[in-house]
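Visitor: I've never looked at this one before. Could you walk me through it, please?

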Amino acid sequence: MNLEALISDIKKHPGITRKRTISDVLHFFPKIDQGNILASWGEDAAVIEFGDSVLLLAADGIMEPLMKTNPYFAGYYSVLVNIHDILAMGGIPLAMVDVISMKEEKICAQVMRGVEAAVRKFGVPMVGGHTHPDCEYHAIDVAILGFAGKNEVIYSHTAESGDDIIFAMDTDGYFPDRLPYAWDTTSKKSEEFVRRQMRIMNEIGKKGLATAGKDMSNPGSLGTLGMLLETSGKGGIVDIDLIPKPENEDLTQWLKAYQGFGFVLTANPDNSEEIINLFRTVSVEAAVVGSVQSNNKLILKQGNNTGVLFDFDKDVIAGCKGPLVTERVRKKSEKLC
């Protein structure tokens with residue numbers, strides 16, 4: 001597939017296009033002045049000041065197609081995607097609550113076995129929630145609470161022009177049957193190993209190595225980068241040939257896939273090597289794939305060809321641009337940088 005066709009295909013990826021509904025609904029929420037809320041929309045988790053630390057609060061639901069295709073993995077991923085939201089912020093997950101809505105006991109049991117396996121594997125307890133046993137549909141939604149040091153948070157909106165763009169991805173995995181865009185890297189690995197992987201983003205946050213970060217979720221690696229740049233009010237250029245990839249996987253499928261353990265980071269070039277080496281200690285392949293630019297375009301490069309994936313003057317992914325980020329954290333971030 002040539003670059004033009006690749007760009008066209010990625011732009012139509014439902015993992016990206018469905019994010020636009022965020023901008024349609026967030027304006028319904030009244031602005032309530034809460035001085036301890038440091039950041040909200042556009043981040044993987046809301047950041048709430050709590051003494052010398054911050055609380056990280058997030059929630060995620062599972063898409064209906066995954067629930068219909070594989071209820072076990074629907075339950076498993078309902079836990080994992082929430083944990084990723086806390087890790088992306090440089091945080092430590094504390095506990096979760098869930099809401100399960102079920103029509104059939106058989107499906108419910110499969111979902112809950114997936115939840116059970118993920119809770120055991122990642123060691124983050126489910127401490128409460130709610131059940132709807134008499135629904136006409138099946139759904140699983142989870143909310144999570146985490147924490148981080150106040151000056152250790154990795155935000156999404158703080159990328160700076162000239163930063164390196166780093167993609168970190170665990171390429172040792174597989175696509176489960178009938179889940180072509182869910183790259184699983186955790187279900188077959190040990191608890192001890194995946195929990196060591198979970199601590200890396202916290203270490204990067206504590207060292208202050210990254211200027212911004214986000215976990216590679218349903219929009220895929222490039223869609224996730226697009227969301228980070230949109231929130232930061234920046235552009236970027238990425239050389240596709242530099243993106244870590246398993247040898248035998250299709251490039252387009254890989255770029256659109258949810259990553260079992262994958263993060264987009266931006267960093268001062270002086271810090272990139274240390275970040276890459278940290279990921280290497282937990283068998284995660286990381287590489288500088290491009291740089292943050294001052295324009296509002298995400299440009300892809302492949303060989304001698306270039307093309308615009310997103311022009312943020314016209315294109316909307318989630319619509320969470322800088323002004324929606326709490327002003328207090330913007331001033332704080334400027335001070336830290």
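Guide: Sure, one term before we start: helices (H or I, at least four residues) and strands (E, at least two) are DSSP runs, numbered from the N terminus. This is a predicted model, where local features need pLDDT of at least 70 and side-chain atom pairs count only at pLDDT 80 or more, while totals for chains, interfaces and linings use all residues. Residues are numbered from 1 along each chain as its sequence is written, and side-chain values use heavy atoms, leaving out hydrogens and water.

Visitor: Let's start with the open sheet. Which strands are at its edges?

Guide: The sheet has 6 strands with mixed pairing, in the order β1-β2-β3-β6-β4-β5. Two strands pair if DSSP finds at least two bridges between them. An edge strand pairs on one side only, and that picks out β1 (37-39) and β5 (126-132).

Visitor: How many residues lie between β1 and β2 in their hairpin?

Guide: These strands are antiparallel, with 2 bridges, and A39 has V47 in β2 as its bridge partner. In the turn, G42 has a positive phi of about 95 degrees. The number of residues between β1 and β2 is 6.

Visitor: And which residue takes a positive phi in the hairpin of β2 and β3?

Guide: Here 5 bridges hold the antiparallel pair β2 and β3, and A46 stands opposite L57 in β3. The hairpin has 2 residues between the strands. With a phi near 65 degrees, the residue you want is G51.

Visitor: What is the bridge partner of A58 in β6?

Guide: A58 belongs to the pairing of β3 (residues 53-61) with β6 (residues 139-149). Those two run antiparallel and are joined by 9 bridges. Across from A58 in β6 sits I144.

Visitor: Which helix packs on that sheet?

Guide: It touches β3, β4 (92-101), β5 and β6, where contact means heavy atoms within 4.5 Å. Its direction makes about 25 degrees with that of β6, angles running from 0 to 180 degrees between N-to-C directions of axes, which are lines fitted to C-alpha atoms (for helices over the stretch in contact). The helix spans residues 71-88 and is α5.

Visitor: Now the largest cavity. Which helices each supply at least two residues of its lining?

Guide: A cavity is a set of points on a 1 Å grid over the protein atoms alone where a 1.4 Å probe fits but cannot get out, and lining residues have an atom within 4 Å of a point. L80, H84, L87, V194, Q197 and M198 are among the lining residues. The helices asked for are α5 and α7 (191-198).

Visitor: How many nonpolar residues does that lining have?

Guide: Ala, Val, Leu, Ile, Met, Phe, Trp, Tyr, Cys and Pro count as nonpolar, Asp, Glu, Lys and Arg as charged, and the others, Gly among them, as polar. The lining has no charged residues and 4 polar ones. The nonpolar count is 6.

Visitor: How is α6 set against α7: roughly parallel or roughly perpendicular?

Guide: In the contact, R120, K121 and F122 of α6 meet E191, V194, R195 and M198 of α7, a mix of 3 nonpolar, no polar and 4 charged residues. The axes of α6 (residues 105-122) and α7 come within 8 Å and cross at roughly 70 degrees. Since 65 to 115 degrees is the range for that label, α6 and α7 are roughly perpendicular.

Visitor: Last one: what is the bridge partner of F167 in β13?

Guide: β13 (residues 285-293) pairs antiparallel with β7 (residues 164-169) over 6 bridges. β13 also pairs antiparallel with β10 (residues 235-239) over 4 bridges, where G236 is matched with V292. For F167, the partner is A287.

Conventions
On a 1 Å grid over the protein atoms alone, a cavity is a set of points where a 1.4 Å probe fits but cannot get out, and a pocket is an open set with protein on both sides within 12 Å along at least five of seven lines; lining residues have an atom within 4 Å of a point. Angles under 35 degrees count as roughly parallel, over 145 as roughly antiparallel, 65 to 115 as roughly perpendicular and the rest as oblique.
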